[in-house]
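User: Please take a close look at a single part of this structure, the protein surface that faces one of the DNA strands.

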There are 2 protein chains.
Amino acid sequence: MQTIEELLEANNIRVTAMRLLIYKFLAQKKVAVTLSDIENAFEKADRTTLYRTIKTFEEKAIVHQIDDGTGITKYALCEKGCNCEIETDLHLHFHCNNCNETICLTDHKIPQIKVPNGFISENVNLVVKGICDKCSGE
Amino acid sequence: MQTIEELLEANNIRVTAMRLLIYKFLAQKKVAVTLSDIENAFEKADRTTLYRTIKTFEEKAIVHQIDDGTGITKYALCEKGCNCEIETDLHLHFHCNNCNETICLTDHKIPQIKVPNGFISENVNLVVKGICDKCSGE
DNA sequence: TAATTCAATGCAAGGGAAGTGCATTATTCG
DNA sequence: CGAATAATGCACTTCCCTTGCATTGAATTA
């Protein structure tokens, strides 16, 4: 088992108290979060610090960005099955219209998409919108 | 052949000079445009007017909104094959990483996407990113 | 240990896009 | 024509993203 400290160091990210807290917050969350979500969770911290921390995590490929169509960027930890640094990896995200949460479905792959002649597909961003399991089950 | 005036009236949109110009601008553009694009094309007009005109077109279902992941909302005219008022219609858009343009591929349908048990899919937003035909052909 | 260096953090400010309230102008209808 | 309603223009606000710069803190070296 790898500690968070080891994980950060393995990705060339200097370990600080703030970064450990932010990582734990992301890990505990099952859904993708906005910067404001993180901001509300850590009222003591400055927004800029959170912003740059997320950017650092993104550059070091332990976090990836999600655009679910709400207009606000969301972030989620990369998992084992999430090879988002690889361009051909096909992301699938689910956005719930009821609870407004966005979930990363790493084990659901996207089928091959056909594009017209002359077009070169490098990346696919797919967001399915609807009702999530929590909201539909009640 | 239907004139633009007739088309607007058929959709319960009052005909004004501004609206005709904006419609023509959208029709002449092959790609989806941002509000700023329209703003730059009509420097005389106020941004609010353009904003509300697009909103009106959207409500009357002659324009649809596209979220291509750039963070800026884009708009495109609905065509015959574009039944975007129907929730089950599957939009497919192509975003060129080179020229930064977004194209509406109405004749390319999206395959059925499987979601986990308990999830209800209502809508699918799919953006393929890569190089468009113009940029790849040179 | 003390001094130096570089990264992380915090504060302030700016920019862009979306959206709203209200007055003014234009259009439609009686 | 005159009244009512819609469209337009102006001003302003909010929200999110981003950057510059000063300060703090950690690590490295003499």
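Analyst: The following account treats the surface near DNA strand C.

This is a predicted model, in which local features need pLDDT of at least 70 and side-chain atom pairs count only at pLDDT 80 or more, while totals for chains, interfaces and linings use all residues. Residues are numbered from 1 along each chain as its sequence is written, chains are lettered from A and ligands numbered from 1 in the order in which they are written, and side-chain values use heavy atoms, with hydrogens and water left out.

A residue counts as near a strand if one of its heavy atoms lies within 4 Å of it. Around DNA strand C there are 17 residues, of which A:T16, A:R19, A:T49, A:R52 and B:Y51 come nearest. Sugar or phosphate accounts for 60% of the strand's atoms within 4 Å of the protein, and bases for the rest.

Two residues of chain A have side chains with an N or O atom beside a phosphate oxygen of DNA strand C: for A:T16 the distance is 2.8 Å, and for A:R19 it is 2.7 Å. In chain B, a polar side-chain atom of B:R52 lies 2.8 Å from a base oxygen of the strand. Two or more residues of this surface come from each of helix 2 (17–28) and helix 4 (47–59) of chain A, and helix 3 (35–41) and helix 4 (47–59) of chain B; helices here are DSSP runs (H or I, at least four residues), numbered from the N terminus. Helix 4 of chain B gives the most, with five residues.

By type, the surface near DNA strand C has three nonpolar, seven polar and seven charged residues. Nonpolar here covers Ala, Val, Leu, Ile, Met, Phe, Trp, Tyr, Cys and Pro, charged covers Asp, Glu, Lys and Arg, and polar the others, Gly among them.

Note on methods:
Polar contact = N/O pair within 3.5 Å; in protein donor to acceptor, adjacent residues only side chain to side chain.
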